[in-house]
Amino acid sequence: MRVADRKNMVFTGTTVTYGRGKAAVTSTGMKTEFGKIAEEVTAVETEKSPLEKRTDEIGKWLGIIALSICFLVAAISVVREL
């Protein structure tokens with residue numbers, strides 16, 4: 001049954017502007033309509049954008065280059081001391 005088809009139901013966030021009423025809680029937490037929406041939103045897998053993919057690749061290469069330079073400088077210093 002769709003949410004719009006339900007009659008005489010009050011949902012979280014409903015504002016009462018006039019009169020009186022009583023309500024019975026039928027579900028809480030993730031079993032509510034908001035909870036179902038939250039589950040659907042968290043279940044969506046996001047794919048990295050092309051910019052993020054390229055930035056990751058550039059970062060990896062910069063890290064490799066930096067480590068290579070460090071090892072090269074260390075090797076040169078050891079060779080010069082001998």
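This is a short talk on the pocket, the surface patch, the salt bridges and a few long separations in one model.

Okay, before anything else, keep in mind that this is a predicted model.

Let me start with the pocket. The largest one comes out at about 400 Å³. It has 17 lining residues, and those closest to the centre are Met9, Val10, Phe11, Thr26 and Ser27. As for the character of that lining, we get 8 nonpolar residues, 5 polar and 4 charged.

Stay with Met9 for a second, as we'll want it again. Met9 sits in the segment before H1. So is Met9 buried, partly exposed or exposed? Its relative accessibility is 39%, so Met9 goes down as partly exposed, given that the exposed class begins over 50%. And if you look across the model from there, Gly59 is 50 residues along in sequence from Met9, with 53 Å between the two C-alpha atoms.

Now, helices. H1 covers residues 33–43, and Val41 is in it. Val41 has a relative accessibility of 57%, which is why I'm calling it exposed. Between Val41 and Val79 there are 58 Å, C-alpha to C-alpha, for a sequence separation of 38 residues.

Then there's H2, which runs over residues 50–81 and includes Ile64. Pro50 belongs to H2 as well. Pro50 is exposed, because its relative accessible area is 67% and the exposed class is anything over 50%. Pro50 also gives us another long separation: its C-alpha is 42 Å from that of Asp5, and the two are 45 residues apart in sequence.

Back to Ile64, as it takes us to the surface patch. Which residues make up the nonpolar patch? They are Ile58, Trp61, Leu62, Ile64, Ile65, Ile69 and Val73, and together they have about 670 Å² of accessible area. Ile64 itself is at 40% relative accessibility, so it counts as partly exposed. That's also enough for patch membership, because the cut-off there is over 30%.

Next, the charged side chains. How many salt bridges does the structure hold? There are 4, and I'll walk you through some of them.

Take Lys48 and Asp56: their side chains meet in a salt bridge with an N to O distance of 2.4 Å. Lys48 is partly exposed, at 45% relative accessibility, and Asp56 is partly exposed too, at 41%.

Another one pairs Lys53 with Glu47, at 3.3 Å from N to O. Here the partners fall in separate classes: Lys53 is partly exposed at 45%, whereas Glu47, at 67%, is exposed. The line between those classes is 50%, so that's why they part ways.

And then Glu57 with Arg54, where the closest N and O atoms are 3.3 Å apart. Both of these residues are in helix H2, and they're 3 residues apart, so about one turn of the helix. Glu57 has a relative accessible area of 37%, so it's partly exposed. Arg54, at 46%, is partly exposed as well.

So, to wrap up, if you have the model open, here's where I'd look. Find the pocket around Met9, Val10, Phe11, Thr26 and Ser27. Then go to H2 for the Glu57 and Arg54 pair, and on to the nonpolar patch that includes Trp61 and Ile64. That's it from me.

Notes: Residues numbered from 1 in each chain as written. Predicted model: local features only at pLDDT ≥ 70, side-chain atom pairs only at ≥ 80, totals over all residues. Heavy atoms only, no water. 1 Å grid on protein atoms, 1.4 Å probe; cavity = no way out; pocket = protein on both sides within 12 Å on 5 of 7 lines; lining within 4 Å. Points joined across faces, edges and corners; volume = space filled by probe spheres on them. Nonpolar A, V, L, I, M, F, W, Y, C, P; charged D, E, K, R; others polar. Patch = residues over 30% accessible without salt bridge, like charges linked within 9 Å, V, L, I, M, F, W, Y side chains within 5 Å. Areas by Shrake-Rupley, 256 points an atom, 1.4 Å probe, with all protein chains shown as cover. Helix = DSSP H or I, 4+ residues; strand = E, 2+ residues; numbered from the N terminus. Buried < 20%, exposed > 50% of the residue type's maximum accessible area, 1.4 Å probe, protein only.
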